[in-house]
Amino acid sequence: MNQPPPQQSHLGTGYYGPPIYAYPQPPPPPNDHFRRLLTIAIRAFIAFCVAFGLAILILWLVFRPQKMRIAVSSASLRRFDLTSSSGTRFLSFDLSANLTFRNPNTRAGIYYDWLEADADFDGMRLGTAGLPAFYQARKETREVLAVFQGRLEIGTPSGSEVEYQRDNATGVFSVDLWIFGRVRYKFGSAVTRRYIMRAVCPAKLPLGKVGFSYTDCKVLDL
């Protein structure tokens, strides 16, 4: 029986078809170099921000800055009168307080970028006093004066009137001084982000006479 002839392999034989051309790659767009530079710059900026943030965090963890210490070193209540006009009750007040700020840290300074003091009587805000911004070096103490003057309508009847009559019988009024601020810590040349500060000072103010006792404030937020 006849077998078909074996197929011949064409491996290794020459190619006699049409020529194959190698086309050059298209040139890059004209703004490709700018995009690369922009990408490198963005990556470098992100790396710098991350490194800077880590450095601040490490400094914070190493030095562990303490909260500032605030107190009312002296205060004067010159007027605190409850009057009535056309059936409406008014509270007239005139008080001042020396606030002491103490930086207990040995390695960190404190920037007080913004400070404000409020005076409250029985949950009722008497007034607001803006305080100066300042920088406090390590282990430094500074006094700031806060003054509150004005007249406030309290309405009728009012729980504040009851509290006023009770305190007026003793001649000593309970006034809470609240201190709000935005602060930053400084470690050498590095400065932290801003932190919100909130402190309360429960002051006992004798009316029109001496006898105020030094009062420590409690720093609630930082």
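Over how many bridges do strand 1 and strand 2 pair? The two strands are joined over 15 bridges. Strand 1 covers residues 69-85, strand 2 covers residues 88-102, and the sense of the pairing is antiparallel. This is a predicted model. To see one point of the pairing, find Ile70. Across from Ile70, in strand 2, stands Phe101.

Now widen the view. Strands 1 and 2 belong to an open sheet of four strands. The order is 6-2-1-10, and the pairing is antiparallel. Strand 6 (141-153) is one edge of this sheet, and strand 10 (215-216) is the other. Each of these edge strands pairs on one side only.

A helix comes next. Helix 2, residues 159-170, lies across strand 1 and strand 2. Helix 2 runs at about 110 degrees to strand 1.

Asp122 leads back to the start of that stretch. Asp122 sits in the loop between strand 3 (109-121) and strand 4 (124-131). Which residues does Asp122 contact, leaving aside its neighbours within four places in sequence? They are Gly159, Ser160 and Glu163. Helix 2 spans residues 159-170, so these three contacts of Asp122 fall within the helix. Is Asp122 buried, exposed or partly exposed? Its relative accessibility is 40%, so Asp122 counts as partly exposed. Buried would require under 20%, and exposed over 50%. Another position to locate from here is Phe173. Asp122 and Phe173 are 51 residues apart in sequence, and their C-alpha atoms are 9.8 Å apart in space.

Phe173 lies in the range of strand 7, which covers residues 172-187. Strand 7 is joined to strand 9 (residues 195-206) by 12 bridges, and the two run antiparallel. One pair to look for is Leu177 with Cys201, its bridge partner in strand 9. Strand 9 also has bridges to strand 11, residues 218-221. Three bridges join strands 9 and 11, again antiparallel. Here Arg198 has Asp221 of strand 11 as its bridge partner.

Finish with helix 1, residues 32-63, where Ile46 is found. Ile46 helps to make a nonpolar surface patch of about 990 Å². Its other members are Phe34, Leu38, Ile42, Phe45, Val50, Leu54, Leu57, Ile58 and Leu61. Why does Ile46 count as partly exposed? Its relative accessibility is 49%, and partly exposed covers values between the 20% and 50% limits, so Ile46 falls in that class.

Methods: Residues are numbered from 1 along each chain as its sequence is written. This is a predicted model: local features need pLDDT of at least 70, side-chain atom pairs count only at pLDDT 80 or more; totals for chains, interfaces and linings use all residues. Side-chain values use heavy atoms; hydrogens and water are left out. Two strands pair if DSSP finds at least two bridges between them. Contact means heavy atoms within 4.5 Å. Axes are lines fitted to C-alpha atoms, for helices over the stretch in contact, and angles run from 0 to 180 degrees between N-to-C directions. Patches are made of residues with over 30% relative accessible area and no salt bridge: like charges are joined within 9 Å, nonpolar side chains (Val, Leu, Ile, Met, Phe, Trp, Tyr) within 5 Å. Accessible areas come from the Shrake-Rupley method with a 1.4 Å probe; for residues, only the protein chains shown count as cover. A salt bridge is a side-chain nitrogen of Lys or Arg within 4 Å of a carboxyl oxygen of Asp or Glu. Buried means under 20% relative accessible area, exposed over 50%, partly exposed in between (1.4 Å probe, protein chains only).
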